[in-house]
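Thanks, everyone; I would like to walk through a handful of local environments in one model, taking them residue by residue. Please have the sequence and the viewer open while I talk.

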Amino acid sequence: MTLGRMGACFSVVTLLSCAPVVLDQAVKAPVMPEMTVGATYNSSSFTLENGMEVVIVPIANAPIVHMQFTYRVGSNDEEPGKSGLAHYLEHLMFRAGEKANAGHLEQVAQAGGSSNAYTSNEVTSYFNAVPPEKFEETLKSEAQRIRALTNDESGAAVELDVVKREKTQRGDSTAAKFYEKLLAAIWGDRPNGRPVIGTDADLNGLTLADARAFHAKWYGASNIGLVIAGKITVPQAAELVMRYMAPLPASPVPKRPWRKLPLPTAKFEPLVVRGPDVGTPSLLRTRLISYPDVLKPTAQAAILVASQAVAGSADSRLSRPLVYTDPVATGVSFSARGQMNGALTVSIAASPLDLNDLSGLDKRLSTELDTVRTKPITDAEVEKVKKRYLAALEQMRDKPASVASTFSNAFVIGQPPADTENWPAVVKAVSAKQANDALQILLSPGPWLDARLLPRESARKTEPSKPKKSEPK
Ligand SMILES: [Zn+2]
């Protein structure tokens, strides 16, 4: 384990071992930028002249090469009346481009790989996992679709139907409706409160021209973070990145006005959503707070350790009493997620052991939270949490998809690759005082939104499941 050496192990080197780059056109070969090498993941990172940020992580024993292209754009960036556009564009990116014979999905599948993507309110990310010998052609296919979106009107109409079907299938579940209402209750009419998939009215009005304009605005090279992780050498990957990505034109990165909007301050009304497809009721308390430097690693590490001490394992502050020693819940979770507008969403969720006694669970949860607030997390608890987390992190270091997603997530919030390399050291350095200070902010007085997801009224009286007798280890 090299974690102890963290902090002073970055060096800036110029990669000299690359073969001269040969371009299709007779253009002057781009100059290889300076590369930063990190010691946790052994990543090499550099920024192309067009602004694209590139991270290469060689993993010798991986069977594949994983590529993740992350764009700093999501549903928050849609204009009013165009909700669902970011996700619709994500779908269109898999259709044949102007010059391509097959869509990207078919090309990757023919290469024996897999390809997928996701859209959130802040980000759109595309990934491919391919055998090493197919790395180059997949990269080339990506360069093609970054440059040119499909202009096939009928194909685009078919894809819009696919998106609408996806909305119907997802939106049908009560849990999905609950989540949608929850976001709207927390964020009001701010972009974060809109469903990523879009409203029916907006979806009906989306056109290929909308998607092409959105693509032209947001899909420039300078808005992309590319992570390549897997069975690849740095010189080989860097050379191919230079060949296919460096020639993409630079483009200005658009402003994202929603990042500066003040957080909503309204008091919340309790939210109750019922549905026939809800098996187990759940109780959720959630809130939105502004947290100093929430996107900085030191703040994130303190929040992480505090959250894990509260409900990260069987022996944590909420899980032990509520699920094990005097059980009233089948499970409890505590999460705190930082967002790009500086907000932190804190959520506590639990499901009752006795399906008919949600208020009993609610009361006990309040009592245990009071204890958490008043009885500080000890040094021993903090050390245990950190040890467990760092061991889990160590285990994902040779998994290309996990590594790529870790660096991509950092790119989204503007953290340089060096921060990801240094992250284990930052977590290791969190003190009990820092964790407790974080926890006091997370649980500070202020409005919480009480939400319940319940089975349909007069649902069958179900026998409570047996309490868990076993003590956590
Ligand atoms: Zn979709």
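Let me start with N42, which counts as partly exposed because 16 other C-beta atoms lie within 10 Å; on this scale a residue is buried if 20 or more other C-beta atoms lie within 10 Å of its own, exposed if 12 or fewer, and partly exposed in between, with the C-beta atoms placed from the backbone. Before going on, I should say that this is a predicted model, in which local features need pLDDT of at least 70 and side-chain atom pairs count only at pLDDT 80 or more, while totals for chains, interfaces and linings use all residues. Residues are numbered from 1 along each chain as its sequence is written.

Back to N42, then, which has a positive phi of about 60° although it is not a glycine, and which sits in the loop between strand 2 (35–37) and strand 3 (44–47). Helices and strands here are DSSP runs numbered from the N terminus, with H or I over at least four residues for a helix and E over at least two for a strand.

A second non-glycine residue with positive phi is D293, at about 50°, and its place is the loop between strand 10 (282–290) and helix 9. Is D293 buried or exposed? D293 is exposed, because its count is 11 other C-beta atoms within 10 Å.

Now to L318, in the loop between helix 9 (297–311) and helix 10 (319–325), which counts as buried because it has 23 C-beta neighbours inside 10 Å. Which residues does L318 touch, leaving aside its neighbours within four places in sequence? They are V310, A311, V332, F334, E368 and V372, where contact means that the two C-beta atoms, placed from the backbone, lie within 7 Å. For F334, which is 16 residues from L318 along the chain, the C-alpha separation is 8.7 Å.

A410, in helix 13 (residues 400–412), is likewise buried, because it has 23 C-beta neighbours inside 10 Å. Its contacts, again without neighbours within four places in sequence, are Q415, P417, D419 and T420. The C-alpha atoms of A410 and L295 are 9.2 Å apart, although 115 residues separate the two along the chain.

Finally, helix 8 (residues 234–244) has as its buried residues A237, A238, E239, V241, M242 and Y244. These buried residues pack against strand 4 (53–58), helix 3 (135–147) and strand 8 (224–230).
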